[in-house]
Amino acid sequence: MRLVGNRRLTFNIILLSIMPLIIVVGIVASIMFSQAKQLVEEQVALTRSNVLAVKKQELKQYVEMALKSIEPYYRDPSLTEELAKQIVAEKLSSLTYGNDGYFFAYTWDGDALVLPYQPNRIGKNWWNVEDVQGKKLLQELIRVGKSGGGLLTIYGTNHQRKSRCPN
């Protein structure tokens with residue numbers, strides 16, 4: 001009987017000495033996991049912010065390039081306004097950037113003037129088109145364009161469009 005009591009006492013002593021160690025390791029591990037998760041989230045946010053800044057600058061350069069390529073047609077006194085618009089629409093339709101980037105143009109009232117990959121939509125009014133969140137897409141683009149241009153985020157943060165309207 002004495003041997004059984006010693007084993008139980010030995011087990012209890014070992015258990016009492018190991019349990020605090022297991023608890024401390026568990027607490028330290030959970031703190032480290034929490035800090036690592038927070039660090040990863042901060043790194044993702046920073047990376048996202050940096051990528052967005054680079055894309056924003058790249059898009060700004062593309063828009064400036066497009067504006068410079070069409071500006072001479074608007075300044076050419078030998079062209080009628082209608083002919084200048086036609087030439088500009090053809091020019092913008094042929095300009096692309098990146099894998100799937102293109103330029104589009106609408107009137108202030110929402111009529112499509114340039115849509116390179118959707119010619120069947122040209123001449124139609126898209127004023128009331130909404131994105132998946134119910135945002136009036138074209139109205140937002142025109143609002144941003146009229147206020148001097150800028151970046152408009154649509155469909156959450158994955159798809160973005162730069163709106164810029166020449167003066």
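## A tour from the aromatic cluster to the nonpolar cores

Start by selecting tyrosine 106, which is partly exposed, with a relative accessible area of 25%. The model on screen is predicted.

Next, add phenylalanine 104, also partly exposed, at a relative accessible area of 26%. Then add tyrosine 102, which is partly exposed at 23%, and tyrosine 117, which is exposed at 53%. Tyr102, Phe104, Tyr106 and Tyr117 form one aromatic cluster.

Now show the ring planes. How are the rings of phenylalanine 104 and tyrosine 106 arranged? Their centres lie 5.9 Å apart with the planes at 70 degrees, so this pair is edge-to-face; the cut-off for that class is over 60 degrees. By this rule, the count of aromatic pairs is 5. In another of the pairs, tyrosine 102 and tyrosine 117 have ring centres 5.2 Å apart and planes at 85 degrees, so they too are edge-to-face. This pair links distant parts of the chain, 15 residues apart: tyrosine 102 is in strand β2 (residues 101-102), and tyrosine 117 is in the loop between β4 (112-114) and α3 (137-146).

Move to tryptophan 126. Over its ring sits the charged end of arginine 121, 4.6 Å from the ring centre.

Then select helix α2, residues 81-94. The helix has 14 residues and reaches 20 Å from its first C-alpha to its last, close to the 20 Å expected at 1.5 Å a residue. Colour Ala84, Val88 and Leu92, which are buried in α2. Looking down the axis, the buried residues of α2 fall within an arc of 65 degrees, so they line one face of the helix. Turn the view to the other side of α2, where Glu82 and Ser94 are exposed.

Keep Val88 and Leu92 selected and extend to the largest nonpolar core, which they share with Val63, Ala66, Leu67, Ile70, Leu95, Phe103, Ala105 and Val114, 10 residues in all. Both α1 (2-75) and α2 supply at least two residues of this core. Which helix gives the most to this core? The answer is α1, with 4 residues.

Within this core, centre on alanine 105. Which residues is alanine 105 in contact with, leaving aside neighbours within four places in sequence? They are Leu92, Asp111, Ala112, Leu113 and Val114.

Last, select Leu138, Ile142, Val144 and Leu152. These are among the 6 residues of another core, which lies apart from the largest nonpolar core. In soluble globular proteins, nonpolar side chains tend to be buried together.

Definitions and conventions: Residues are numbered from 1 along each chain as its sequence is written. This is a predicted model: local features need pLDDT of at least 70, side-chain atom pairs count only at pLDDT 80 or more; totals for chains, interfaces and linings use all residues. Side-chain values use heavy atoms; hydrogens and water are left out. Rings of Phe, Tyr and Trp (its six-membered ring) pair if their centres lie within 6.5 Å; planes under 30 degrees apart count as stacked, over 60 as edge-to-face and the rest as tilted. Buried means under 20% relative accessible area, exposed over 50%, partly exposed in between (1.4 Å probe, protein chains only). A charge sits over a ring if NZ of Lys or CZ of Arg is within 6 Å of the ring centre and within 35 degrees of the ring normal. The expected span of a helix is 1.5 Å times one less than its number of residues. The arc is that of the directions from the helix axis to the C-beta atoms. A nonpolar core is a set of buried Ala, Val, Leu, Ile, Met, Phe, Trp, Tyr and Cys residues joined through side-chain atoms within 4.5 Å. Contact means heavy atoms within 4.5 Å.
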